[in-house]
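Let's take a walk through a structure together, one piece at a time. Have a look at it first, turn it around a little, and then read on.

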Number of protein chains: 2
Amino acid sequence: MTKPKPVERALAPGVSETAASQVFDELKRDLIRGRFAAGEKLAISALKAQYAVGLSPLREALNRLAAYGLLEQHNQRGFRVPPLSAEELEDIARLRVQLECMALTQAFQEGDAEWESQLLAAQHRLLRADKSPEQLEKWEQAHLQFHRTLLAPCGSHWLLRFIEQLHDQFDRYRRLAPGNPAIRARLDAQHGELVQLALERRIQDARWLLEEHIRLSWDVARGAC
Amino acid sequence: MTKPKPVERALAPGVSETAASQVFDELKRDLIRGRFAAGEKLAISALKAQYAVGLSPLREALNRLAAYGLLEQHNQRGFRVPPLSAEELEDIARLRVQLECMALTQAFQEGDAEWESQLLAAQHRLLRADKSPEQLEKWEQAHLQFHRTLLAPCGSHWLLRFIEQLHDQFDRYRRLAPGNPAIRARLDAQHGELVQLALERRIQDARWLLEEHIRLSWDVARGAC
DNA sequence: GAAGCCCATAAAATCGATTTTAATAATAAC
DNA sequence: GTTATTATTAAAATCGATTTTATGGGCTTC
């Protein structure tokens, strides 16, 4: 007999990715990273080549991104990168303060020892992550994960979902804006302070600090508009 | 000059719909209406026939709905109607209270005379809408529009977006639950009271009433799980 | 000279068919 | 009798081609 079974059962037995999901992840990252200009119209056939994927999975990914708010979809005239505006950034930042402080309060009440451990771990990974341009994606991932961990035990699935969505939107601005080393240093320090306040469950101080943290990031992100 | 000659765009002025957008709207309505059982796996080929649409636009609509949270998407195993649970309903309801009260406060500050007019109009349309089973969709539309109008001037695009999303989620429960005439009557009365408080800008009373309104709806919606 | 019209072109949207994967039934092994 | 393995079937995902719609240029008309 021949070998009609060269088809390895995909070493990962559980979750196999689809082309649509892969290109969704890549496009999402590239949109947040600022690979495309704000307001730019996406040329679908070009994307097809760039991401080495067929038309169907690509369109499905674009549809998901539009529903998520990282693209604008206009019937019969394709997809467009949303414009950046100082007004929208203000909206996003203010709402981040409200929602994240809300989640923080809950997280402080619900968080247990395991949470404290994971928070310390996440902070350490962030601290050690290399922020050089080549490793920037790694740092961004660690940063996102830190903020996720901080609020994770809040108990509200939908609140966390909205916060994540706003975070992605905010990062479009922040990552496009020129860096500010002085502010960046202060922001980095605040992560450690947040952990300390979390361990001590000093909710009011933590809320003030988190608000300050977001407002400082906002100061940086403003540079994008 | 003074030639108010709006360029006639083809035979369909304004926005021509795509098949994907149409089936998205229909599916969204049917999901909220409870046409499919919670937890049910959607048979794509069956939907294709039911909605009289091709595979591509149908899949695009399903992808959008999954990103919106009205469907679950599992790689390589299709789409599924999210299950209903008392815990998630609680999450949704509590968050509605928080977010809508937040928006209400802003709306009371930003709303002008034009807003007051539209609010009165929306309330009257709701009052007059027929709630009979045949006309139920009309009433639901008027109800949604009333709540939209109430919060519209709040100034935060993203807050309104999240509130609408939660409202859709909440309605899945409410519309599946058996009706309660006594509570329904009280809820209907509250719409008028909210308008009155809005006209007088009695923010604190209005916040209490809106919270009470959502909690009462919640009492009804609980009947779905 | 500007506005309207028509055609050519490019892009978006959709269709029909194919490929890939998961779910299920049937069979074999222990 | 149970578990493991293979074959079968059904469904999801993807591809390639076609249809539909928007866009831009050149022409005509007033």
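What follows is a tour of the DNA strands, the contact between the two protein chains, and a few single residues. Keep in mind that this is a predicted model.

Start with DNA strand C. There are 21 residues around this strand, and those that come nearest are A:S16, A:K41, B:A19, B:G54 and B:S56. Which part of the strand meets the protein? Of the atoms of DNA strand C that come within 4 Å of the protein, 81% belong to sugar and phosphate. You can zoom in on some of these meetings. B:A19 has a backbone N or O atom 2.2 Å from a phosphate oxygen of DNA strand C. For B:A20, a polar backbone atom is 3.4 Å from a phosphate oxygen of this strand. Chain A joins in as well: a polar backbone atom of A:Q76 is 2.9 Å from a phosphate oxygen of DNA strand C.

Now ask which elements build this surface. Two or more residues each come from α3 (55–68) of chain A, and from α1 (19–33) and α3 (55–68) of chain B. Of the elements, α3(B) gives the most to the surface near DNA strand C, with three residues. If you sort the residues of this surface by kind, you get seven nonpolar, nine polar and five charged.

Next, move over to DNA strand D. Here 19 residues are around the strand, and A:A19, A:G54, A:S56, B:K41 and B:R59 come nearest. Sugar or phosphate supplies 79% of the atoms of DNA strand D within 4 Å of the protein, and bases supply the rest. Look for B:K41 in the picture: a polar side-chain atom of this residue lies 2.7 Å from a phosphate oxygen of DNA strand D. With B:L42 it is a backbone N or O atom that lies 3.4 Å from a phosphate oxygen of the strand. On chain A, you can find a polar backbone atom of A:A20 at 3.4 Å from a phosphate oxygen of DNA strand D.

Which elements supply at least two residues each to the surface near DNA strand D? They are α1 (19–33) and α3 of chain A, together with α3 of chain B. For this strand, α3(A) gives the most, with three residues. The surface near DNA strand D divides into seven nonpolar, nine polar and three charged residues.

Let's leave the DNA and see how the two chains meet. The size of an interface is often given as the accessible area lost when the parts come together. Between chain B and chain A, the buried area is about 2900 Å², and carbon and sulfur atoms give 52% of that. On the chain B side, the residues that lose the most area to chain A are B:N75, B:W158 and B:F162, together 23% of what that side buries. The contact takes 33 residues from chain B and 32 residues from chain A.

What holds a place in this contact besides buried area? There are two salt bridges between chain B and chain A. In one of them, the side chains of A:R59 and B:E60 meet, at 2.5 Å from N to O. You'll also find 18 residue pairs in polar contact between the two chains. On the side of chain B that touches chain A, the elements that give two or more residues are α3, α4 (86–110) and α7 (157–176) of chain B. Among these, α7(B) gives the most, with eight residues. That side of chain B is made up of twelve nonpolar, 13 polar and eight charged residues.

Finally, pick out a few single residues. B:S21 sits in helix α1 of chain B. Is B:S21 buried or exposed? Its relative accessibility is 7%, so B:S21 counts as buried. Leaving out residues up to four places away in sequence, B:S21 touches A:N75 and B:R64.

The last two stops are about a backbone angle. Most residues other than glycine have a negative phi. B:Q76, which is not a glycine, has a positive phi near 65 degrees. You'll find B:Q76 in the loop between β1 (72–73) and β2 (79–80) of chain B. With a relative accessible area of 57%, B:Q76 is exposed. B:R201 is not a glycine either, and its phi is positive at about 55 degrees. This residue is in the loop between α8 (181–199) and α9 (203–221) of chain B. B:R201 has 26% relative accessibility, so it counts as partly exposed.

Conventions
Residues numbered from 1 in each chain as written. Chains lettered and ligands numbered in written order. Predicted model: local features only at pLDDT ≥ 70, side-chain atom pairs only at ≥ 80, totals over all residues. Heavy atoms only, no water. Near = heavy atom within 4 Å. Polar contact = N/O pair within 3.5 Å; in protein donor to acceptor, adjacent residues only side chain to side chain. Helix = DSSP H or I, 4+ residues; strand = E, 2+ residues; numbered from the N terminus. Nonpolar A, V, L, I, M, F, W, Y, C, P; charged D, E, K, R; others polar. Contact = heavy atoms within 4.5 Å. Buried area = accessible area lost by both parts, 1.4 Å probe. Salt bridge = Lys/Arg side-chain N within 4 Å of Asp/Glu carboxyl O. Buried < 20%, exposed > 50% of the residue type's maximum accessible area, 1.4 Å probe, protein only.
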